[in-house]
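Trainee: Could you take me through one part of this model in detail, the place where the two chains meet? I would also be glad to hear how that part sits within its surroundings.

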Amino acid sequence: MAAFVAHQGWVAPMDRSNVDTDAMMPKQYLKCIFKSGYGDWAFDDWRYLDAGDVDVDVSTRRKNPDFELNKTIYQGASILLSRENFGCGSSREHAVWGIRDMGFKVVIATSFADIFYNNCFNNGILALTLKPEQIERLFELSGDKAMSLTVNLQEKRVTLANGEFYSFELEENRRFKMLNGLDNVATTLLKKQAIQDFEKQHKQTHPYYFTPLR
Amino acid sequence: MSGQTLYDKIWQSHLVSGDDEAALIYIDRHIIHEVTSAQAFEGIELAGRSIWRSDSILATPDHQVPTTEREKGKAGFVDKLALLQVTTLDDNCDKNNIVQFKLNDQRQGIVHVVGPEQGASLPGMTIVCGDSHSSTHGAFAALAQGIGTSEVEHVLASQCLQQQKCKNLRVLVNGCLPLGITAKDLILYIIGKLGTAGGTGYAIEYAGEAIENLSMEGRLTVCNMTIEAGARSGLIAYDQVTENYLHGRPYAPKGAMWDSAIQYWRTLVSDADAVFDKELIIDAKDILPQVTWGTKPDQVVAVTSQVPEISSAKDAVQQADWQKALSYMSLNSGTAISSLSLDQVFIGSCTNGRIEDIREVAKVVKGKKVASTIKRAMVVPGSGLVKQQAEAEGLDKIIMAAGLEWRFAGCSMCNAMNPDSLASGERCASTSNRNFEGRQGQGGRTHLVSPAMAAAAAIAGHFVDIRQVELAQLEGIH
């Protein structure tokens with residue numbers, strides 16, 4: 001995974017709370033067995049007026065002019081702004097693949113749902129929370145115009161074009177892995193011996209968990 | 001030092017390394033299905049890694065499988081991409097020596113119905129599956145959670161998960177559930193109180209007299225919907241109900257192994273002096289039959305009440321949410337829930353596709369007919385074995401005589417990733433777990449209810465208070 005140190009980009013505001021992963025990536029796209037190429041289907045039901053499916057050419061579908069991310073000023077945005085409980089519901093990682101493939105590198109929200117939050121970091125997307133009043137301020141500033149932000153993970157700071165800045169919190173472990181672009185599986189397998197030792201002892205204590213399924 | 005919660009105990013006994021902030025925990029059981037595993041296997045292969053412990057994995061296809069004409073096998077798939085995904089699961093399981101209950105296996109079904117009924121989900125285990133409703137298995141005093149595909153790959157490769165420890169939340173349900181009130185009403189009521197994010201960052205333990213009195217099936221229903229309150233894991237303490245359910249199940253330990261297991265399992269309760277970070281106390285007698293009115297599971301009211309006034313929302317953000325929900329659901333504040341006419345009725349899913357649920361439905365519909373205004377009402381067993389059991393009890397005949405369709409096992413219209421779905425604008429009484437926009441079909445409108453409430457709605461054509469409905473006796477079933 002690529003290292004993430006800092007990112008400067010345009011903000012796309014999605015003024016909704018409880019945006020669920022069914023909305024981010026509707027069910028019909030979960031049939032695919034590939035891991036990228038989901039960008040045109042992110043927020044599908046909201047984004048297009050015509051129904052879609054894997055085999056429907058998106059260029060033939062009319063875009064919904066009322067959907068916030070379709071507005072011209074937000075095209076090319078790489079920072080998604082939303083409100084509380086972003087990513088609730090289904091564990092489908094396709095939701096994150098969709099947001100990532102749409103071009104977003106950072107999602108800023110008041111709060112995130114647990115599984116979605118993990119899925120973001122596992123795909124190199126920085127999910128960060130700010131205080132409600134800071135989120136409110138960002139919505140005010142980005143409501144009718146393109147706004148640029150700099151997100152610095154090294155300094156744990158979000159800086160506005162006018163110089164205003166907000167500090168954010170992130171667990172050190174996640175931050176370290178993002179900064180260094182570390183792959184979770186690879187880092188875990190560095191502890192292979194510890195896992196094997198644990199497994200041996202666990203099997204002695206609880207042999208009934210180790211009966212092979214047949 | 002204070003005592004440990006049930007969650008603390010299971011966490012502690014699976015800690016490979018690290019601390020609460022950045023831990024590596026060992027996973028005992030991994031359940032997989034077709035939708036969230038293909039990319040994980042591909043990742044393993046591309047990295048040249050191997051599966052750490054194939055014999056800890058149980059697989060079955062469920063999300064995409066058609067629920068009609070099962071005898072056709074794979075030829076019954078209309079959707080070729082869905083078929084490719086199921087075939088990919090077959091290939092991955094065959095290649096890696098993973099046990100799979102394939103499409104035509106009598107044991108095939110929804111992962112969260114199959115694991116428990118096979119005794120593959122055991123007390124004290126850590127259990128994961130690439131599906132958010134994996135919280136279901138916590139009903140066995142296990143630490144069960146839903147994970148994303150990257151994490152599925154991680155567990156395949158290392159038998160471990162990198163995690164942060166959750167905080168502890170106890171939902172204490174005092175007293176007994178009134179007559180006619182089910183586990184589904186209880187969990188919908190709890191979600192209504194906690195909100196969809198109330199459990200975020202927590203593991204929820206359900207406790208109290210009403211929980212203790214629930215059957216294993218009811219407990220699975222409660223733990224299943226934990227994620228709808230934002231918590232990844234829900235747990236219920238081990239007791240005689242758990243023990244009786246597991247004894248003799250195919251994958252449950254046998255003989256001396258069973259004896260040694262139950263000695264340990266009986267310790268799987270929170271200590272009397274355990275401290276919870278947060279607690280919700282509920283009086284069971286306050287709970288009425290529940291119906292969701294909106295597009296989130298916490299937008300729920302009693303069947304006897306009305307669609308709420310926007311002005312009663314807690315703040316401007318919630319008011320905007322409710323407005324969007326009312327508009328999507330085509331509802332007005334003040335409309336009586338019982339006046340809502342329905343187009344479809346769906347009974348099934350990992351929440352309510354177990355034998356007890358099907359019996360409840362049969363009691364309601366026996367000798368009656370589905371209302372002529374209902375376009376389709378279907379009952380989808382959670383597994384092939386649930387179907388077999390129901391048929392042995394004659395429930396299928398009662399259900400079909402009343403005009404409901406009797407299907408083969410699968411996720412069906414809960415996720416609508418298969419031919420079962422709502423048309424745009426259709427209103428559905430559903431025993432599933434999510435009423436999100438588009439969940440059961442683009443533009444479809446879902447109201448979550450208990451199986452008995454859904455069955456009664458199928459007969460009446462609109463919602464009715466199940467407490468006013470006379471239930472039939474089922475022969476040989478008490």
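Mentor: Happy to. Let's start with the contact itself: 80 residues of chain B touch 64 residues of chain A. Please keep in mind throughout that this is a predicted model. Together, chain B and chain A bury about 5900 Å² between them, and 56% of that area is on carbon and sulfur atoms. On the chain B side, the residues that lose the most area to chain A are B:Q39, B:W52 and B:Q442, which together make up 11% of what that side buries.

Now for the polar side of this interface. Between chain B and chain A there are 6 salt bridges. One to pull up in your viewer joins A:D183 to B:R49, with the closest N and O atoms 3.4 Å apart. In addition, 37 residue pairs are in polar contact across the interface of chain B and chain A, counting pairs with both residues at pLDDT 80 or more. If you ask which element of chain B gives the largest share of the side that touches chain A, it is helix α5 (residues 149-158), with 7 residues. By residue type, that side of chain B divides into 32 nonpolar, 29 polar and 19 charged residues.

To see what stands behind that surface, look inside chain B. Its domain assignment gives domain 1 (6-278) and domain 2 (290-468). The C-alpha centres of these two domains of chain B lie 24 Å apart. They have an interface of their own, in which 45 residues of domain 1 of chain B are in contact with 43 residues of domain 2 of chain B. The two domains of chain B bury about 3400 Å² between them, with 60% of it on carbon and sulfur atoms. Within domain 1 of chain B, the three residues B:T67, B:I110 and B:K184 supply 19% of the area buried against domain 2 of chain B, more than any other three residues.

The rule finds 1 salt bridge across this domain interface of chain B. B:E228 and B:R434 meet through their side chains in a salt bridge, at 3.1 Å from N to O. There are also 25 residue pairs in polar contact between domain 1 of chain B and domain 2 of chain B, again with both residues at pLDDT 80 or more. On the domain 1 side, the elements of chain B giving two or more residues are α4 (111-118), α6 (183-194) and α8 (216-224). Of the side of domain 1 of chain B that touches domain 2 of chain B, α6(B) gives the largest share, 6 residues. That side consists of 14 nonpolar, 21 polar and 10 charged residues.

Chain B also carries a site worth finding on your screen. An unreviewed UniProt entry places the feature "binding site" at B:C350, B:C411 and B:C414. These positions are spread over 65 residues of sequence, yet they cluster in space, with a largest C-alpha distance of 8.6 Å. B:C411 itself lies in the loop between β17 (405-406) and β18 (427-430) of chain B.

Finally, a look at the partner, chain A. According to an unreviewed UniProt entry, residues 1-132 of chain A are covered by the annotation "domain: Aconitase A/isopropylmalate dehydratase small subunit swivel". Over residues 1-132 of chain A, the chain is 19% helix and 14% strand, and the end C-alpha atoms are 31 Å apart. The structure holds 40 salt bridges over all chains, and one of them joins the side chains of A:E68 and A:R16 at 2.7 Å, N to O. This pair links distant parts of the chain, 52 residues apart: A:E68 is in the loop between α2 (44-47) and β2 (79-81) of chain A, while A:R16 is in the loop between β1 (6-13) and α1 (21-24) of chain A.

How values were computed
Residues are numbered from 1 along each chain as its sequence is written. Chains are lettered from A and ligands numbered from 1 in the order in which they are written. This is a predicted model: local features need pLDDT of at least 70, side-chain atom pairs count only at pLDDT 80 or more; totals for chains, interfaces and linings use all residues. Side-chain values use heavy atoms; hydrogens and water are left out. UniProt positions are given in the numbering used here, feature names are shortened, and annotations may be inferred rather than shown by experiment. Helices (H or I, at least four residues) and strands (E, at least two) are DSSP runs, numbered from the N terminus. Domain bounds come from an automatic or database domain assignment. Contact means heavy atoms within 4.5 Å. Buried area is the accessible area (1.4 Å probe) that two parts lose on being put together, summed over both. A salt bridge is a side-chain nitrogen of Lys or Arg within 4 Å of a carboxyl oxygen of Asp or Glu. A polar contact is a pair of N or O atoms within 3.5 Å; within protein, one must be able to donate a hydrogen and the other to accept it, and residues adjacent in sequence count only if both atoms are side-chain atoms. Ala, Val, Leu, Ile, Met, Phe, Trp, Tyr, Cys and Pro count as nonpolar, Asp, Glu, Lys and Arg as charged, and the others, Gly among them, as polar.
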